[in-house]
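User: I would like a close look at one part of this model, followed by whatever helps to place that part in the rest of the chain. Please keep it plain.

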Amino acid sequence: MKEKYYLTTAIAYASRKPHIGNTYEIVLADAIARFKRMQGYDVHFCTGTDEHGQKVEELAKSAGISPQQYVDQVSGEIKQIWDLMGSSYDTFIRTTDPYHEKVVQKIFKKLYDKGDIYKSEYEGMYCTPCESFWTPTQLVDGKCPDCGREVVPTKEEAYFFRMSKYQDRLMQYIQDHPEFIQPKSRENEMVNNFLKPGLQDLCVSRTSFKWGIPVDFDPKHVVYVWLDALTNYITALGYDPDGSSETFKKYWPADVHIIGKDILRFHTIYWPIMLMALDLPLPKQIFGHPWLLSGQDKMSKSIGNVIYADDLSRQFSMEAVRFYLLSEMPYAQDGSITYENVITRYNSELANTLGNLVNRTVTMVNKYFEGSVCEPTAKEPLDEELVSAAKTAKEKFISCMEAFKTSDAIDAIMTFARRCNKYIDETTPWSLAKEESSMPRLGTVLYNLLEGIRWIAVMLSPFMPDTSKEILAQINSSLDSLDSLEGFNGIQVGSKVGQPKALFARIDEAKKLAEIQAEIEAAKPKKEAPKKQEKKETVPGVITIDDFAKVQLCVAQIKECVKVEKSDKLLKLQLDDGAAGRQVVSGIATWYKPEDLIGKKVIIVSNLKPAKLRGVESQGMILAADCSEKEVKVLFVDESIPCGAKIR
């Protein structure tokens, strides 16, 4: 039986579209999940959205829609970006999921019956954006110590959790488990700033707003967002005070919670104490990653320095963005992103070092041996140096990934890639090809390069899964497991390599920066003449009939349907739309087989701007319904409706 490994991200707050700094966390967790799967673990990877609270209620009111409508839209956008970035999560939980809400109510009641939750009155300062209460002494210059924004005085009846009851037990646990809070600097911060001064009991309900899970035995109260949000890590697995699922029993406790350093207090103090009160084991580790800054500043819409993952992926590719995030972020200090830095790393690492190595090698095998892999019979001491460098890279890759040091792990891989390029310069294959007597040596050199490239592709797979597959396809190798790196002999003699294809075309920096700046300028809101009435925010929100009229819907029939290569989720459909026909790519392969769709009539968005998904152009979108987190159903229409009929 495989050893289990359960990891989670913090669930994203469904208030606004996540920027690239928020997105870093899901990419980091995904790389760790993929690495653990490589090691043979039975991995369960959980992420999701945090959807209750006063801030959401206020944003929904401003947008003129219900809180549920608001979070449905934002949660959908977050999930779309997580999918765009290639995250391989197993569970996407929403705190508005009925099963989660029901269990949260049970947890609240259990802790109340136990005496760990009691009713009192709260009076103090409250930060709405952070959903955090503060005493006057905790404020910094009279403002929230976490985000630096204004706080408001609040007084209301509330339920409180007896944090102080468990303080000594938590202190002892941290002392006995030095690996619990990582990096170590984060532990020192929590112990010195919060535990040693003494814990205040935590407010765990509110009455001043309604958008939350009701306390079922006192309905005027809603459960405070942090008790609601933190318990997602166990409800997602099927925890229930009345009897938990086999999945929960299998995977809990978590092996690691991957979180941002700004919410460390909630995860290393409040969450462990809640688990102690529930008589549940604590997670093995909580890793507080640093922030990704825009240049030298935190990303902020008010400053205008926010960068989004979907924009970056469109400009540089999803794989290149993953590579940048995971290679640029230090282990414990904040990282930085600028368009200039992305281009520099793209050109130097991906285009020059990696792409050039693969292209040169595959080209030479095709040129000198008609694509056939030769047996390495003419070995020299230089070859052993290359093999030694490969083994060193692998050892460092594994040790760094075990410690979540993705930047160092990638550096080890790229160092080996540079060594392979140097090996080309040292052996000069083009010179060996001039003499018939040197052909056995040339065949050996190219074999070693192909095998080195295979090692690189395998080690890159947690960071750039699609690029890894493309490299292996070009060298025609199916050996992609970590175990296959035991010996430097995985390339099959006599096999044929594929045709060389550029992995990453070099970017003209000046031209690309000009294109990006033009997009930024075009996206800026145009100045309008002052209006008598301030217009309500409409994103996400209600639309007018004129807005709806811009969307062209029509009926189309599916004539052909196949799976998109190298994708488990995408289907490529050829449609008869009553006009010239069109091709649409849809992420419904999880729920439909191609043969089940052929001949069916569907509704399509026919005026959607064409886009490429996994390199395949999609000229529209078919309509489908999210029936649940695990089920999507395409909206089929009556066969009597002709192709091209407009939907109004």
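How many bridges join strand β5 to strand β7, and which way do the two strands run?

Analyst: The model is predicted. In it, strand β5 (residues 117–127) is joined to strand β7 (residues 152–161) by 10 bridges, and the two run antiparallel. One position in this pairing can be given by name: Tyr126 stands opposite Val152 in β7.

The pair belongs to an open sheet of four strands, ordered β6-β5-β7-β9, with antiparallel pairing. At its edges are β6 (132–134) and β9 (202–203), each of which pairs on one side only.

Tyr126 also leads from the sheet to the nonpolar cores. The largest nonpolar core has 113 residues, and the members that touch the most others in it are Ile20 and Phe463. A second, separate core of 68 residues includes Tyr126, along with Leu202, Ala229 and Ala277. As a general tendency, nonpolar side chains in soluble globular proteins are buried together.

Turning to the largest core, Phe463 is found in the loop between α17 (439–460) and α18 (465–474). Phe463 counts as buried because its relative accessibility is 0%, and the cut-off for buried is under 20%. Leaving aside neighbours within four places in sequence, the contacts of Phe463 include Ala31, Arg322, Leu326, Phe397 and Met401, as well as Thr406, Ala409, Ile410 and Ile413. Of these, Ala409 is 54 residues from Phe463 in sequence, with a C-alpha to C-alpha separation of 9.9 Å.

For Ile20, with residues up to four places away in sequence not counted, the residues touched include Leu292, Met299, Ile307 and Tyr308, together with Ala309, Leu312, Val321, Leu325 and Ile337.

Helix α11 (residues 309–316) has a contact of its own with helix α19 (residues 509–523): their axes come within 12 Å and cross at roughly 145 degrees. The crossing of α11 past α19 is right-handed. On the α11 side the residues are Arg314, Gln315 and Phe316, and they meet Lys512, Ile516 and Glu519 in α19. By type, the residues of this contact are two nonpolar, one polar and three charged.

A charged residue can be buried too. Glu349, in helix α13 (residues 339–369), has a relative accessible area of 14% and is therefore buried. Not counting residues up to four places away in sequence, Glu349 touches Phe323, Leu354, Met414 and Arg418.

Definitions and conventions
Residues are numbered from 1 along each chain as its sequence is written. This is a predicted model: local features need pLDDT of at least 70, side-chain atom pairs count only at pLDDT 80 or more; totals for chains, interfaces and linings use all residues. Side-chain values use heavy atoms; hydrogens and water are left out. Axes are lines fitted to C-alpha atoms, for helices over the stretch in contact, and angles run from 0 to 180 degrees between N-to-C directions. A crossing is left-handed if the near helix is turned anticlockwise from the far one by less than a right angle, and right-handed if clockwise. Contact means heavy atoms within 4.5 Å. Ala, Val, Leu, Ile, Met, Phe, Trp, Tyr, Cys and Pro count as nonpolar, Asp, Glu, Lys and Arg as charged, and the others, Gly among them, as polar. Buried means under 20% relative accessible area, exposed over 50%, partly exposed in between (1.4 Å probe, protein chains only). Two strands pair if DSSP finds at least two bridges between them. A nonpolar core is a set of buried Ala, Val, Leu, Ile, Met, Phe, Trp, Tyr and Cys residues joined through side-chain atoms within 4.5 Å.
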